[in-house]
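Visitor: I'm new to reading protein models. Could you walk me through one?

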Amino acid sequence: MSLIAQDAPGKTILLMGNEAIARGALEAGVKVCAAYPGNPSSEIIGSLSSAAGIMDLHVEWSVNEKVAMEVVAAASFAGLRGLCSMKQNGLNVAADFLLNLNLTGTQGGLVVVVADDPGGISSTNEEDSRIFAKIGNLPLLEPATFQEAKDMTRWAFGLSEDLRLPVMVRSVTRVSHARGNVRLDALPRPATRARFDTSRPRLAFPPLPSHKALLQKIDRAKAMAETSPYNLYRGPEKPELLLITSGSGWMYSLEAVINLGVQDRVGLLKLGTTWPLPAALVLKHMKQVERIVFVEEVDPFLENNVKELFAQHCMDVGLKRFYGKASGTVPSAGEITPEIVTSALQKMLNVSYKPRPQDYAAKAHEAAAELVPARSLGFCAGCPHRATYWAVKRALALDGREGFVLGDIGCYSLGMGPSGFSQMKTLHAMGSGAGLAAGFGQFERFGLSQPVLAVCGDSTFYHAAMPALVNARYNGSNFVLLLLDNSATAMTGFQPHPGTGRTATGKEAPVLDLKGICESLGAKVKVADPFDVAGTTEAMLELLEDKEGVKVLILKRECALVRSKRQKKLFQVEVNKERCLGETCGCNRLCTRVFKCPGLYWDRATGKAGIDEAICTGCGVCAEICPASAIRKEVA
Amino acid sequence: MNRGLKGLESKVLDQGQCAACGACLSLCPYLRSWKGRAVKLHDCDLSEGRCFSFCPRTEVDLDALHRSVFGKGYEDIETGPVRRVVMARALAPEFRDKAQNGGVVSALMALALDEGRIQAAILTERDSELLPHGRIAKIREEVLTCAGSSYVTGYALEALNRGPWQGQERIGVVGLPCQVLALARMKASPLEKRTPVDRVDLVVGLFCTWALDYRAFAAFLKSRFGVKPIRKLDITPPPERLLRVTAGDEFHQIPLDEIRAFIRPSCQVCLDMTSEFSDLSVGTVEGAEGWNTVIVRTEKGDDLLRLAESKSVLETRAYPEDKWTHLKEASVLKKQRGLNALKDMPEKYVTLPQKMIHALMKEVAP
């Protein structure tokens, strides 16, 4: 039963922000949903896929964000309502299409949900996607609560159809991934028939008339923003300080104002429509105060836009002091917290406030230490990537020419840290390892004598590495691509992809064979099992010595977490304590000091290694690497 | 000072001083040989380890080591201990045809195996790419596959460490000077060994002036002869000093100067031409192709040579006095070159009594 597809208007249920967004889309009668997984946005499509059957939707995991947006634009052109979701990096991928789509306009409501990751907790970058709304002249909505996440998403579809423009909804981690009460509304089941109106072609060229039309649309959006129910003011008519906020900043600001007891001194202006700004509303409140502070996550987007507005109207509103990121009142990087807002307000209002003690974090950590086992950021027990990087480290050391691995984003990015033996040396966007390798692999003529490796996951390969491989082949680059095929988009929650034989809604799909694709691109392809450490190392060494063209080593082994959901341990693994050499010369704790699978532990008392039965997934790789054959594996 | 892998890395591997003897390999998962190089795979933080202790290029007190191996100090400074020296050659054509010179080493090892003096021999075999590696030979036919030389050192002692061993075998080892030095250090090491080095019962040393780095030399041969298989390599004795190469069905002679650049740096500080830490040592005889020099150093070595003579495995002749003088001069010259090279090194690996260094340096070079 799908949580978000309950036909129970008036009922209040607990929903994750992303589920609330998905519910809002259902309440708007969405028909087509597409995305590429990326945290913190992944659960939007995840929950919509569970409602696909009952609500008769098309829900898909697309190969990348640009294609996802194109699929959803097709729905819009056909008169259907469509939603595509992505993380901030995803919008960069989709931006090329989006910044043409704004010119051709839309038909059925089209909502683009972008979930930003302030602080880059599960991202390679910290980026504010809101700037794209300004670049593209697109209406931008920022829900601040879980109820708003649902309601504003639903409202966004109508707005899109009124303006014939895509509408952006910007969420952040603490809105998308937290849970709160949401009151449900009716679930419509529109019977729209898809049809493309050929008399209304969608052509971005010539851009000039389209651009002019777009500017007229955004002028209309300004007027709509003025009356939007999602902009609200709370506080005295003439406050000492005006706090302008949006999204996650609203709850933090509310908490800070209540905690400090300054409700009668601070005016809170919460904006839901942050582009275009409701100019009259903002100016009205601005006029009442001298000091204005901004609370928002990532960039000073509101701050700068309000300052722009002020510059235009300063003769009417009088001199102001602005506080925010530019003044250093609020940090310019990382997540905002209630603590940050509280201490900023406390200073500005000169209120005595006992902040959290300096050693609070250390004490909390200490208290939790007994309850939570110490874990470093690393690969799971039995993860094939650990075995892969073990082989990489060996192969590069043996090869001895200072070879290096160019990486990209996925679970295997942890290859940059201790659990991947620090083998991965670059990390940028999806598929960028292969793209960088396509470059490095052509620099022998400039004296580069180091072998070049790139690493990418199976899902990433379809997403963005394929063009890099085509480029490499075409331009005569020479490198080895390690294609880590763990049969899942593991990092974002095991979503299926074109190689898994399943769609987002669980239907059977053709398998797009990685080996066949690479071979058709003219690459020399080998397949190895990373759990066969010796065989994998040998295959790498052989490909490293091959100086001609693009080589692909497919390292095929299912994600340990995916496998463990379906089947038991591959092997029962045990340590023969008598054979274990422990810290002595000949071993010096290779398994627990260097290999460091979390399924292994070091028993200080006996000076021997042991297997943690609760954690071990039975991959058996530690038995392969034990120099004393003290670790034994038996088929479970 | 670290006397484990860290020390080995900083003082030997990183300085290009690895002699490629193999004593540190197959002891632990941290070191491995690959295409003629010893490679560190992971860091090991032990303060003391066998790799450092066994290495012929970490600090060694030669005088003390002599006492431990021969029961007396380092007195015979020219060529090490000598009981007798003869010219010899194998009588069976199977040895002489494949051998570098007189086939004495192969014949002696086959004899020791046949007679049950040893049950296994650690020898050096070359693969089709000329890459040498240690192997365990248990029968005469296996000895024969190892005959000949490629002038490249080949980690032979790794085979001793790796096994597999039943646990009872007495073992014979054929090694270059660096390898017999390492073997002596292995035996003398106070560390817990976990190797069968205490069952090594026979050490046959080879004469050596230098050895080549595999990767560089293999690349050179490939550039000269392409994919043609190298069937035989040998170096003519002075004054010609030519590398003779049989590549496919072609025969080529290359002046030695063309390959000197590939000599391992660790050979330049080596003080031993005649494999002094052995039971007997075997080399060429200047001006007598098809014959070997045999220096007998221990009673065990003497026994084996006598057995070979009595079983008509070897034919021996008295060693001409002038050739012996020449050999000693060559040996001293190598020591002088090594001591001179060591002067320029920030850290020296050998400890020799000062008076011995004086004595060596005073010897008049021919």
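What follows is a short chat about a predicted model.

Visitor: Which residue does a cis peptide bond join to Asn39(A)?
Guide: Let's start with the background: most peptide bonds are trans. The one we want has an omega of about 10 degrees and is cis. The residue on its far side sits in the loop between strand E2 (32–35) and helix H2 (42–55) of chain A. Asn39(A) is joined there to Pro40(A).

Visitor: And in chain B, where is Pro164(B) found?
Guide: The peptide bond from Gly163(B) to Pro164(B) is cis, with omega near 10 degrees. For its place, look between helix H7 (157–162) and strand E7 (171–175) of chain B. What links those two elements, and holds Pro164(B), is a loop.

Visitor: Is Ser26(B) buried or exposed?
Guide: Find Ser26(B) in the loop between helix H1 (5–13) and strand E1 (31–34) of chain B. Its phi is positive, near 60 degrees, though it isn't a glycine. To settle your question, count neighbours: 20 or more C-beta atoms within 10 Å make a residue buried. Ser26(B) has 21 inside 10 Å, so it counts as buried.

Visitor: How does Asn137(A) count, with its 19 C-beta neighbours inside 10 Å?
Guide: Asn137(A) lies in the loop between helix H5 (131–136) and strand E6 (140–141) of chain A, and has a positive phi of about 55 degrees without being a glycine. Buried takes 20 or more neighbours, and exposed takes 12 or fewer. Because its count is 19, Asn137(A) comes out as partly exposed.

Visitor: Which element gives the largest share of the side of chain A that touches chain B?
Guide: Across this interface, 13 residues of chain A are in contact with 16 residues of chain B. On the chain A side, the elements that give two or more residues are helix H14 (384–399) and helix H20 (590–595). By class, that side has 8 nonpolar, 3 polar and 2 charged residues. The largest share, 4 residues, comes from H14(A).

Visitor: How far apart are the end C-alpha atoms of H14(A)?
Guide: Work it out from the length: H14(A) has 16 residues, and at 1.5 Å a residue it should span 22 Å. The expected span uses one less than the number of residues. The model agrees, because the end C-alpha atoms of H14(A) are 22 Å apart.

Visitor: How many residues of H14(A) are buried?
Guide: H14(A) is largely enclosed by the rest of the structure. Just after this helix, Gly400(A) takes a positive phi of about 75 degrees. Of the 16 residues in H14(A), the number buried is 13.

Visitor: In E10(B), what is the bridge partner of Asp234(B)?
Guide: Picture an open sheet of 3 strands in chain B, in the order E9-E10-E11, with antiparallel pairing. Its edge strands, strand E9 (230–235) and strand E11 (250–255), each pair on one side only. Between E9(B) and strand E10 (residues 242–247) there are 5 bridges. Asp234(B) has as its partner in E10(B) Arg244(B).

Visitor: How far apart do the C-alpha centres of domain 1 and domain 2 of chain B lie?
Guide: Chain B is divided into domain 1 (84–208 + 276–334) and domain 2 (214–262). They touch: 13 residues of domain 1 are in contact with 11 residues of domain 2. The domain 1 side has 4 nonpolar, 7 polar and 2 charged residues. From centre to centre, C-alpha atoms considered, the two domains lie apart by 24 Å.

Methods:
Residues numbered from 1 in each chain as written. Chains lettered and ligands numbered in written order. Predicted model: local features only at pLDDT ≥ 70, side-chain atom pairs only at ≥ 80, totals over all residues. Contact = placed C-beta atoms within 7 Å. Nonpolar A, V, L, I, M, F, W, Y, C, P; charged D, E, K, R; others polar. Pairing = 2+ DSSP bridges. Domains from an automatic or database assignment.
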